[in-house]
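User: I have a new structure open and would like to be walked through it. Can we go one topic at a time?

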Amino acid sequence: MFYYVDGTVAMLRQGLAVIDCGGVGYACHASQNTIGKLKTGVRARLLTYLNVREGVFELYGFIDEEELSCFEMMIGVSGVGPKAALSILSAAPPDRLALSIITGDEKMLMQAPGVGKKIAQRIVLELRDKMSKEQLEMSSVAAPVAAAAATGGVNHTQEAVAALMVLGYTQAEALHAMEGLDTAGMEAEDIIRSCLKKLVKQ
């Protein structure tokens, strides 16, 4: 129904951003990652997700496509609702979240308020499995990356490629973004951030 809202930031609160679009204020539930990049009185555009339940309409706002993609993947996991997904995105930006899923880092997910061990395990297992199945036909390396990461048999470059694929990019796009980077001395998280800067500009 709503793809994005574009207007002036009228109000910022914990977990909420109000965007004034032509005199109408749209209240968007948002992560601290998104809110931290907004400023009252300054124009902004948020991608949106409309959650409808029992007659209640809740609008969620996201600073970029990566964050929205992570949100949609997480609410697709059984037992994970919009509020839990937003809590996780407040604890970790998309690049760290994607990497934690690939490497099976449940503790990072558990840093989010309201997310216990069982939910964290379910997110890691379901999303790693989903990622492997969806990318199996597209890439000869994507499917085994998640399993290899859990046993330490994958390098930082492979982890970064897999994490970028979790964020919705293809293997070809991820590898193209790595061109020119000296990945030998970089951690996976740094590789992901550098690639995202290039991908966003494209």
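Analyst: What follows is a short tour of the chain, its pockets and a few single residues.

User: Is this a predicted model or not, and how many helices and strands does it have?
Analyst: The model is predicted. The chain has 10 helices and 5 strands.

User: What is the mean pLDDT of the chain?
Analyst: The mean is 84, and 86% of the residues reach 70 or more.

User: Where is confidence lowest, and where is it highest?
Analyst: The lowest is in helix 7 (residues 142-150), with a mean of 45. Strand 2 (residues 16-21) has the highest, at 97. Over residues 136-153 the pLDDT is below 50. That stretch has 25 contacts in the model beyond near neighbours in sequence.

User: What share of the chain is buried?
Analyst: Of the 202 residues, 46% are buried. The accessible surface of the chain is about 10300 Å², and 52% of that belongs to carbon and sulfur atoms.

User: And of the contacts between residues at least 6 apart, how many join residues at least 24 apart?
Analyst: The share is 52%.

User: Pockets next. How much space is in the largest pocket?
Analyst: About 250 Å³. Its lining includes Asn 33, Lys 37, Asp 64, Glu 66 and Arg 193.

User: Which helix gives the most to that lining?
Analyst: Helix 10 does, with 4 residues. Helix 4 (94-103) and helix 10 (188-201) each supply at least two.

User: How do the residues of that lining divide by class?
Analyst: There are 6 charged, 4 nonpolar and 1 polar.

User: What about the second largest pocket, how much space is there?
Analyst: About 170 Å³. Among the residues lining the second largest pocket are His 29, Tyr 60, Lys 83 and Ser 90. Helix 3 (residues 82-91) gives the most to this lining, with 4 residues.

User: And what classes line the second largest pocket?
Analyst: By class, 7 are polar, 3 are nonpolar and 1 is charged.

User: Switching to single residues. Where does Cys 195 lie?
Analyst: Cys 195 lies in helix 10, the helix that gives the most to the lining of the largest pocket.

User: Why does Cys 195 count as buried?
Analyst: Because its relative accessibility is 0%, and buried means under 20%.

User: What is Cys 195 in contact with, leaving aside neighbours within four places?
Analyst: Cys 195 is in contact with Leu 164, Ala 174, Ala 177, Met 178 and Leu 181. Leu 164 is 31 residues away along the chain, and the two C-alpha atoms are separated by 8.5 Å.

User: Leu 164 is in helix 8, right? How many residues of helix 8 are buried?
Analyst: In helix 8 (residues 156-166), 8 of the 11 residues are buried. Leu 164 is one of them, along with others including Glu 159 and Met 165. Just after helix 8, Gly 168 takes a positive phi of about 105 degrees.

User: Back to cysteines. Is Cys 21 buried or exposed?
Analyst: Cys 21 is buried, because its relative accessible area is 18% and the cut-off for buried is under 20%. Cys 21 lies in strand 2, where the confidence is highest.

User: Which residues does Cys 21 contact, again without those within four places?
Analyst: Val 5, Asp 6, Gly 7 and Tyr 26. The C-alpha atoms of Cys 21 and Val 9 are separated by 9.0 Å, with the two residues 12 apart along the chain.

User: Which elements flank the loop with Glu 54?
Analyst: The loop runs between strand 4 (43-53) and strand 5 (56-62). Phi of Glu 54 is near 45 degrees, a positive value in a residue other than glycine. Glu 54 is exposed, with a relative accessible area of 79%.

User: Last one: what does Ile 101 touch?
Analyst: Not counting residues up to four places away in sequence, Ile 101 touches Val 124, Leu 127 and Arg 128. Ile 101 sits in helix 4 and is buried at 1% relative accessibility. The C-alpha atoms of Ile 101 and Leu 127, 26 residues apart along the chain, are separated by 7.1 Å.

Definitions and conventions: Residues numbered from 1 in each chain as written. Predicted model: local features only at pLDDT ≥ 70, side-chain atom pairs only at ≥ 80, totals over all residues. Heavy atoms only, no water. 1 Å grid on protein atoms, 1.4 Å probe; cavity = no way out; pocket = protein on both sides within 12 Å on 5 of 7 lines; lining within 4 Å. Points joined across faces, edges and corners; volume = space filled by probe spheres on them. Nonpolar A, V, L, I, M, F, W, Y, C, P; charged D, E, K, R; others polar. Buried < 20%, exposed > 50% of the residue type's maximum accessible area, 1.4 Å probe, protein only. Contact = heavy atoms within 4.5 Å. Areas by Shrake-Rupley, 256 points an atom, 1.4 Å probe, with all protein chains shown as cover. pLDDT = per-residue confidence, 0-100.
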